[in-house]
Amino acid sequence: MTAQHATSAQAAGTATAPTAMGHSHAHESAQAQVRGAAPYVDDIPETAGTLHAAPVLSPVAHGTLHGLDTSAALALPGVVAVLTASDIPGDPVLAAFTHDEPILASGTVQHVGQVMALVVATTVDIARRAARLVRPHITALPPVLHAREAHKQASYVLPPVHVDRGDAATALARAPHTLSGAFEVGGQEHFYLEGQIAYALPQEQNQWLIHSSTQHPGEAQHWVAHALGLALHQVRVECRRMGGGFGGKETQSGHLAVWAALAAQHTGRPVKMRLDRDDDFLITGKRHPFSYDYTVGFDDQGRLCGLQLTQLSHCGFSADLSGPVSDRAIFHADNAYFLQDVAISSYRCKTNTQSHTAYRGFGGPQGVIAIETILGDVARNLGLDPLAVRLANLYADEPLAQPLPSVSAHNPTPPLRNVTHYGMTLEDNILLPLIAQLADSCSYQKRKADIAAWNAGSPVIQRGLALTPVKFGISFTATLFNQAGALVHVYTDGSVLVNHGGTEMGQGLHTKVAQIVASELGLPLHRVLSSASDTARVPNASATAASSGTDLNGRAAQYAARNVRANLAAFVAGLDGCGAGDVHLVCGTPPGADASAPAVGLVISPTATRLFDDVVHAAYANRIQLWSDGFYRTPKIHYDKTTLTGRPFYYFAYGAACTEVAIDTLTGESRVLAVDILHDVGRSINPALDIGQIEGAFVQGMGWLTTEELVWAAPDAERNAGALLTRAPSTYKIPAAGDVPEHFNVALWHLPNPEDNVGGSKAVGEPPFMLGISVWEALRDAVAQARAKAGLAGPVKLDAPATAERVLWAVQQ
Amino acid sequence: MAPNTPHPHLPETRVLQFVRSGQVQRLGNVPPTRTLLALLRDDLGLTGTKEGCRSGDCGACTVVLGEADGQGGLRYRAVNSCIQLAHAAHGKALWTVEDLAEGNQPHPVQQALVQHHASQCGFCTPGFVLSLFALYQTRLGQSAHTGEPATPVTRDDALHALSGNLCRCTGYRPILDAAQTMLDVPTQTVDEAATVLKLEQISQINEASDDNFVDETRATGYLHPSTLPNLLHARARFPQAQLVAGCTDVGIWVTKLQHAPAQVLDLTRVEELRHIENVAPPHLSPVAPDTAAWLSIGAAVTLTHAFDALVATRPALATFASRFAGLPVRNAGTLGGNVANGSPIGDSMPLLLALGAHVRLMQWGSASKGADTTLNSSAPQAPPLQSRELPLDQFYTGYRQTVMQPAEVLTHILVPPPGPAITPHPDTHTLNGEWLRAYKISKRFEDDISAVCLALRLVLHNGVVAEASIGVGGVAATPVRALQTQAALLGQPWTQATATQAATVLQAEFAPISDMRASAAYRRAMLAALLQRAWAESTGVAHINLEHTSLTDLTQRSPSPLTGATA
């Protein structure tokens, strides 16, 4: 079994070599990574005098914090300082958007694991040992630990949001069939293999250098400056690479940067702060768990005619990114399906847990899973094939059946079934052909029949099959973030360095950007290097998030390279007396060299072919600018926050997965047996990296819905009420190699992005995560078959993750 | 970073020596609880090895240890450096990710990973490289031994080798592909003979001093005796020393609970405890006068080797063995350590209870005087050693409590031989023979701690239960034997009705608790379900158990019906 590679080497035999774009080049750090020679923040040689900080965690989920007894900690040899909120020179509240999160707890504690103080010591072990000696004085208060309980108490971190189109109530009243239900979907720990870390180094004249494992150096810079009472230009944040991010280092990394910087400022020495894995689990936010209530109306074919959906997002003790995460859950409540008369209510529930945060998909998966679950239920309720019901509900350029008068003036009922519930018209819909191609290639119908026959004769094991699509909106929903900058430097020897505002967390952004720049300048890829993300080079960069890294930064780098290319072309045009448009920069065999010689950069005019390196050298001597900035902002997007309508997304990425599973009806255990994926990345800049993103995202999505269970101790627990009990890889189980099926095929959709995006590509980081929902639906299919065989009536009642225990109860009850 | 100083009165440790990149490395003043990972990263600046979890669960810190195989070559094992104490590497060859490439030429394992795009963020990658390196070298070693080409690596081989390595980025497919092609790249070999020579040099230098701790003034912080008398002597002499036998749990006390004993007593070098032997049945055994040999598993035998020996005569245990932790933990941890540690969720004990295993406990001193005898400063000719053996079900007294005295060491686990495998009688079709099954229920199939573990051994005579031995984990404060259920089975015909009745008894016999792994209700349900599964499997029904890693046959064959099975 090997992944299919969508593109192959282009036709050889011409003078020009394949461009750097469109080929499966190895990750720019692959050789270093396999040799252990790719440094992460903890690998940076420590400056003499470096101290280490460890957090002091609240043992109580909710309470009044009267004070901290730090005497025992301070008495431990090697301890240099213990910092509390009163030691913060700037604002003691983090410079987060909603300004609701204390840097260190003060007055109250709001979750088990909230950081109350920092111990600074000569070694990390001493710091951690001393942190356990700090004695807090806390009067416990009743905690709220579940979103439903918070909703009951109207306890929210942000106001509720409602989106309506058409007239859901009337539609439901007229619907031939209705179903109502409620279910829960759990959160997810990022489990980046490299835990959170920051290393703060005081520089001259009250300037600061922070090495941070972060997806958002600019925000770390902003937060550190705010906490230390400095201007932004005094703080420089650098990140060469992360050992995984997945959204977990979008804001959560900023806390570490602030804590390390505060400790460094307080002691006047460099301070490194690296969280122990268990502390990382206890302190940092996770994917938002969601609770759902719904009533859906549908006709005999399973086509939806009305939907009322309530989403409760379990936000934790502060807002963090819960607003945009919950918004994206609303935007993806449709997934691939037209919702004509719909009412969605979203509540951002405040609970005494970690403050949940960005995680690959950013609310999208929590939106998609609800409608996929509902459609599965509708199909089973009618005795129809779930795929047929899904197809009946797909967005399509078809007229509406019987439009009801719209209740909303700003969000009118559209004439065609191709407008989302937030008023965005699908201009790039490939859902039907994509699903049809996958269903055909994976023999969906035949396997469906084979499985039913097999199940009939199987006493214990029942198999299930599901094919689910994904449609994912690409752009930050906050329009202002959709901008990026880059610098391309061509040195006098013709080598190129590119720097941009994005960060490398393994996704291959630096590789793709280097490919784009190399293509633009007609160079072999090895002539272009990407340098570390650095707030001192490209300022005000957005987070590397929302799958947008290549779209934004790749385009900015392309524009920068294009400027340099234009300078060189104009220079050569002057030499050769031709138009600049007649000068081409291509990668190819040097003139007169053997055809097997390594490809180099060539500058070809109508009258001469020169080596790129020679042209650069001559251009420098003629005082031609050999470097440039590039700036990109995504076109077409707009979004009205008050009406929740507009075009928040530049385009959609599509995909579909067909997954076969088996469950053990005695124990509830399950296995994934086979997976086939067809996914749309437009024209791939690097098929190997894109397939890697698809496979990795799928497996992560599978883990979210199967083995990865977050368990918090109940509010009435004898000990540790509200504490996260699954706080280490011994108890929190991400997928292992053995969980991945041998049959795991990934193919790439063959068409480029119809929107003008870099290289015709599409974003890939998040969309395939939701392909993991096919595992969920396949499990529910298997459970339904087991129930039918046992003569049990009623819908499948299953919450996620579908642990063996939950599957067993769903089969039996 | 300055080395750890966990205890002000710490005795000095002897010079730590290991072979790395063909050279002997000598390190002084390494504290006894310094982990191997801390030594590599903080003391030696070898930052290629990563810290992912500090609990032996993710594999980012995997390194490879090599020891002489006694045949002029080396035996390789991947271990988690984060929970290995640095001194455990003493006298061994050590490879980290920095050691594999030859100059600019990456190792075949590294080449294969790059070719298959098998690293994304790269943080787990060094651990995968080392786990695969151990497999690679083992295959080359076998090839050199047999003169045949190296056996190709199958997907299952790769899964086995990588069972202790987590990757969050790739979804594993490219890593598994790389593993299956790494032997196709032109080979790169380790100079095993030269390494063995260096190991022997270290051994000669240290043999004299290693056991020279009897004089307390010369005792060190890390006691690493090489003989059983010296181990027991040290145990008696230094009862406060932390005894370790693989350190896969104590290592976590060190990293997570700041456990910092001033002195560590490591039994893994004790020659007498490093073997698996056939021995006469213990005198306490009720099965006498059976003359079949028992298996004696020394306390220094790794879980890998112990399970290999058990699976050799009981193939039904293969899957259960492969689901015990991950390979690096099985390569470092010992069966003796797992048993002596006494965790209620240790997976080996329910099995050993079902097998009717015994444990041997030993201590220094003559039986009449007890442990605190007067000792000479030199090892006596005939050391006074006490030994006792008892059935495992008499070993545990409470949560992590055992009958072991402070000076006692669990030295051996004694396992009875298997009975004849279950077969239907040629005429009556009734079943005769031993029926053994061991199951665990966990959230993840690989490398997870069981919510419930059930091991069941029945001996059937003409379809009637003549012996019943059931060990259970996860349902009580200790691993326990299901005595009431055993009684309910004895003398009954082995039928679905009996199994159902026994399942009812089994559910009533324990009062499991709810925790983050499972609810009490689910645990109770599993007791019955697993007994039902054992019955069904004994009737020859296939495809009723998902735990086997290769599932392709499930999608290709029809299930066989439960009805018509022989009872």
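These questions and answers concern a helix pair and a neighbouring sheet in chain A of a predicted model.

Me: At what angle do the axes of helix α15 and helix α16 of chain A cross?
Reply: In this predicted model, helix α15 of chain A covers residues 549–576 and helix α16 of chain A covers residues 612–621, and their axes come within 10 Å. The crossing makes α15(A) roughly perpendicular to α16(A), because angles of 65 to 115 degrees are counted that way. The angle between the axes is roughly 85°.

Me: Which class of residue makes up the contact of α15(A) with α16(A), nonpolar, polar or charged?
Reply: From α15(A), the residues Leu568(A), Phe571(A) and Val572(A) take part, and they meet Phe612(A), Val615(A), Val616(A), Ala618(A) and Ala619(A) of α16(A). The contact has no polar and no charged residues, and its 8 residues are nonpolar.

Me: Which strands stand at the edges of the sheet of β21, β22 and β23 in chain A?
Reply: The sheet is open, with antiparallel pairing and the strand order β21-β22-β23. Two of these strands have a single partner each, so one side of each is left without a neighbour in the sheet. Those edge strands are β21 (584–588) and β23 (609–611) of chain A.

Me: Which residue of β23(A) is the bridge partner of Ile604(A)?
Reply: Strand β22 of chain A, residues 600–604, runs antiparallel to β23(A), and 3 bridges join the two. For Ile604(A), the bridge partner in β23(A) is Thr609(A).

Me: At about what angle does α15(A) run to β23(A)?
Reply: Helix α15(A) lies across β21, β22 and β23 of chain A, strands whose neighbours are turned by 35° against each other on average, direction ignored. Relative to β23(A), the helix α15(A) runs at about 130°.

How values were computed
Residues are numbered from 1 along each chain as its sequence is written. Chains are lettered from A and ligands numbered from 1 in the order in which they are written. This is a predicted model: local features need pLDDT of at least 70, side-chain atom pairs count only at pLDDT 80 or more; totals for chains, interfaces and linings use all residues. Side-chain values use heavy atoms; hydrogens and water are left out. Axes are lines fitted to C-alpha atoms, for helices over the stretch in contact, and angles run from 0 to 180 degrees between N-to-C directions. Helices (H or I, at least four residues) and strands (E, at least two) are DSSP runs, numbered from the N terminus. Angles under 35 degrees count as roughly parallel, over 145 as roughly antiparallel, 65 to 115 as roughly perpendicular and the rest as oblique. Contact means heavy atoms within 4.5 Å. Ala, Val, Leu, Ile, Met, Phe, Trp, Tyr, Cys and Pro count as nonpolar, Asp, Glu, Lys and Arg as charged, and the others, Gly among them, as polar. Two strands pair if DSSP finds at least two bridges between them.
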